[in-house]
Amino acid sequence: MVHNDKFMFPYEGAWSDGREKLLCLDTGSWRVNRPVLDKEKCNYCSLCALYCPPQCLKDMGDHYAPDLDYCKGCGICARECPRGAISMMPEGEFADDSAKR
Ligand code: SF4
Ligand code: SF4
């Protein structure tokens with residue numbers, strides 16, 4: 001199958017053997033709800049990042065933050081977090097946020 005290179009991600013992911021580029025879509029545009037972290041509750045266990053389907057949670061050193069270009073708002077990180085540190089908030093709450101996708 002031939003894909004347009006514009007949509008191909010050149011880096012290896014957890015599911016890749018690294019021999020081919022990965023199909024990459026702007027999944028951030030799908031998002032209806034956004035994951036918001038309560039850093040006071042987070043113990044940096046990494047489970048959210050492990051289960052995030054597009055692997056878009058970036059390691060910030062003491063917590064994880066979603067790359068909003070790729071976070072599709074699926075809520076799996078919030079469901080998997082053992083400390084209830086992630087809440088899914090409607091995108092409308094961020095209407096004035098320039099980072100909104
Ligand atoms: S799963 Fe929850 S506690 Fe663990 S790093 Fe992610 S947000 Fe923090
Ligand atoms: S909402 Fe889904 S895509 Fe976004 S960071 Fe959480 S698990 Fe990843």
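Trainee: Let me get the term right: a cavity is a set of grid points, over the protein atoms alone, where a 1.4 Å probe fits but cannot get out, and a molecule sits in a cavity if more than half of its atoms lie within 2 Å of its grid points. What sits in the largest cavity here?

Mentor: Ligand 2 does. Keep in mind that this is a predicted model.

Trainee: Which residues come nearest to ligand 2?

Mentor: C52, C71, C74, G75 and C77, out of 13 residues around ligand 2.

Trainee: And how does that shell divide into nonpolar, polar and charged?

Mentor: Around ligand 2 there are 10 nonpolar residues, two polar ones and one charged one.

Trainee: OK, over to ligand 1. Where does ligand 1 sit?

Mentor: In the second largest pocket. It has 13 residues around it, and C42, N43, C45, C48 and C81 come nearest. The shell of ligand 1 divides into 10 nonpolar, two polar and one charged.

Trainee: Let's zoom out. How many helices and strands does the protein chain have?

Mentor: Two helices and six strands. Starting at the N terminus, the order is β-β-β-α-β-β-α-β.

Trainee: What share of the contacts with a separation of 6 or more comes from residues 24 or more positions apart?

Mentor: That share is 56% in the protein chain. As for burial, 29% of its 101 residues count as buried.

Trainee: Which residues of the largest nonpolar core touch the most other members?

Mentor: C48, L57, Y64, C77 and I86, in a core of 13 residues. Two elements, α1 (47–51) and α2 (76–80), each give two or more residues to this core. As a general point, nonpolar side chains tend to be buried together in soluble globular proteins.

Trainee: I86 caught my eye. What does I86 touch, leaving out residues up to four places away in sequence?

Mentor: I86 touches P35, V36, L37, C48, C77, A78 and C81. You met some of those already: C48 and C81 are among the residues that come nearest to ligand 1, while C77 is one of those that come nearest to ligand 2.

Trainee: Last one, T27. Where is T27 found?

Mentor: In the loop between β2 (22–23) and β3 (33–37).

Trainee: Is T27 buried or exposed?

Mentor: Buried, because its relative accessibility is 9% and the cut-off for buried is under 20%.

Trainee: What does T27 touch, again skipping residues up to four places away in sequence?

Mentor: D69, Y70, C71 and K72. C71 is also among the residues that come nearest to ligand 2.

Key. Residues are numbered from 1 along each chain as its sequence is written. Chains are lettered from A and ligands numbered from 1 in the order in which they are written. This is a predicted model: local features need pLDDT of at least 70, side-chain atom pairs count only at pLDDT 80 or more; totals for chains, interfaces and linings use all residues. Side-chain values use heavy atoms; hydrogens and water are left out. A residue is near a molecule or strand if one of its heavy atoms lies within 4 Å of it. On a 1 Å grid over the protein atoms alone, a cavity is a set of points where a 1.4 Å probe fits but cannot get out, and a pocket is an open set with protein on both sides within 12 Å along at least five of seven lines; lining residues have an atom within 4 Å of a point. Ala, Val, Leu, Ile, Met, Phe, Trp, Tyr, Cys and Pro count as nonpolar, Asp, Glu, Lys and Arg as charged, and the others, Gly among them, as polar. A nonpolar core is a set of buried Ala, Val, Leu, Ile, Met, Phe, Trp, Tyr and Cys residues joined through side-chain atoms within 4.5 Å. Buried means under 20% relative accessible area, exposed over 50%, partly exposed in between (1.4 Å probe, protein chains only). Helices (H or I, at least four residues) and strands (E, at least two) are DSSP runs, numbered from the N terminus. Contact means heavy atoms within 4.5 Å.
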